[in-house]
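I pulled this one up for a quick look through fold, surface and charge. My notes follow.

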Amino acid sequence: MSDIKIRAKLKDGQTEVKCLMNHPMETGLRKDEKTGELVPAHFIQEVVCKAKDQVVMTANWSGGVSKNPYLAFKFTGGEVGDPIEITWTDNKGETESAVENIS
């Protein structure tokens, strides 16, 4: 099961996409309470959304985004049943993807 939950709905010619991503989003500035050492940075750097293999949204993030980020956006040109794919890549090179059809 993916760590990305997606909902995509078509309304009045626009597709509204909402997604919740499971990620720790560490800035690299927080200290561990027990050791006093800095917790290493670990955050999503890029989020890409594709509809029918066409990029419809790209976001470039830094460590200033909260843990388990929520993202919502709209685009035109989608149709009911079209696949929406969300992919993130973090600063450690890890990546996660999920696909959901527009309803």
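**Notebook: fold, surface, charge**

I began with contacts: among those in the protein with a separation of 6 or more, 52% join residues 24 or more positions apart. Note to self: this is a predicted model.

Next I looked up the secondary structure. I got 7 strands and 0 helices, so to speak a plain read-out of β-β-β-β-β-β-β along the sequence.

Then overall dimensions. Along the principal axes, the box filled by the C-alpha atoms is roughly 50 × 25 × 20 Å.

On to burial and surface. I find 34% of the 103 residues in the protein buried. The exposed area comes to about 6500 Å², with 47% of it supplied by carbon and sulfur atoms.

Charges came after that. I have 13 positive and 16 negative charges in the protein, and their mean positions lie 6 Å apart.

Which residues gather in a patch of positive charge on the surface? My list reads R7, K9, K11, K18 and K74. I also checked which strand gives the most to the positive patch. That is strand β1, residues 4-11, with 3 residues.

Last, I picked out K11, which has its place in strand β1. Is K11 buried or exposed? I noted it as exposed, because its relative accessibility is 61% and the cut-off for exposed is over 50%. So K11 is both a member of the positive patch and an exposed residue at 61%.

Conventions
Residues numbered from 1 in each chain as written. Predicted model: local features only at pLDDT ≥ 70, side-chain atom pairs only at ≥ 80, totals over all residues. Heavy atoms only, no water. Helix = DSSP H or I, 4+ residues; strand = E, 2+ residues; numbered from the N terminus. Buried < 20%, exposed > 50% of the residue type's maximum accessible area, 1.4 Å probe, protein only. Contact = heavy atoms within 4.5 Å. Areas by Shrake-Rupley, 256 points an atom, 1.4 Å probe, with all protein chains shown as cover. Lys, Arg positive; Asp, Glu negative; His and termini not counted. Charge placed at Lys NZ, Arg CZ, Asp CG, Glu CD. Patch = residues over 30% accessible without salt bridge, like charges linked within 9 Å, V, L, I, M, F, W, Y side chains within 5 Å. Salt bridge = Lys/Arg side-chain N within 4 Å of Asp/Glu carboxyl O.
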